[in-house]
Amino acid sequence: MDIKNLFGAMNQVQEKMEGVKKQLDQLTVTKETGAGLVHVTVNGTKKLCAISIDEKLLNKTDRQMVQDLIIGAVNLALEEVDHKIQAVIQEHAAML
């Protein structure tokens, strides 16, 4: 493979990686715990974007339960976003 072809291949890989990044930036996952009392949303770069806590839960005094539900919802969302990230990467790898 000559240098020109090598640079062409590198440019294609770079373009594919930029496409993956754009897809991941737009990817979001929302998960719930506590029968819908806590919802969290994370994005494809594994950043927590939103937390929603039902008013019924806020009226309770069990702070530890609320914290546990939030942790559980975040962990579920991060697990799912990992699966979706892998799918995006595999999709783009197949195109190379």
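**Helix α3 and residue N43 in a predicted model**

Q: Which span should helix α3 have at 1.5 Å a residue, and how far apart are its end C-alpha atoms?
A: Helices (H or I, at least four residues) and strands (E, at least two) are DSSP runs, numbered from the N terminus. The expected span of a helix is 1.5 Å times one less than its number of residues. For the 33 residues of α3 (residues 63-95) that gives 48 Å, which agrees with end C-alpha atoms that are 49 Å apart.

Q: In which element is confidence lowest?
A: This is a predicted model in which local features need pLDDT of at least 70 and side-chain atom pairs count only at pLDDT 80 or more, while totals for chains, interfaces and linings use all residues. Residues are numbered from 1 along each chain as its sequence is written, and side-chain values use heavy atoms, without hydrogens and water. The chain averages 87 in pLDDT (the predictor's confidence in each residue, from 0 to 100). Confidence is highest in β1, at 93, and lowest, at a mean of 83, in α2.

Q: Is N43 buried or exposed?
A: N43 is found in strand β2. Buried means under 20% relative accessible area, exposed over 50%, and partly exposed in between (1.4 Å probe, protein chains only). Because its relative accessibility is 15%, N43 counts as buried.

Q: With which side chain does the side chain of N43 make a polar contact?
A: A polar contact is a pair of N or O atoms within 3.5 Å; within protein, one must be able to donate a hydrogen and the other to accept it, and residues adjacent in sequence count only if both atoms are side-chain atoms. At 2.8 Å, the partner is the side chain of T45.
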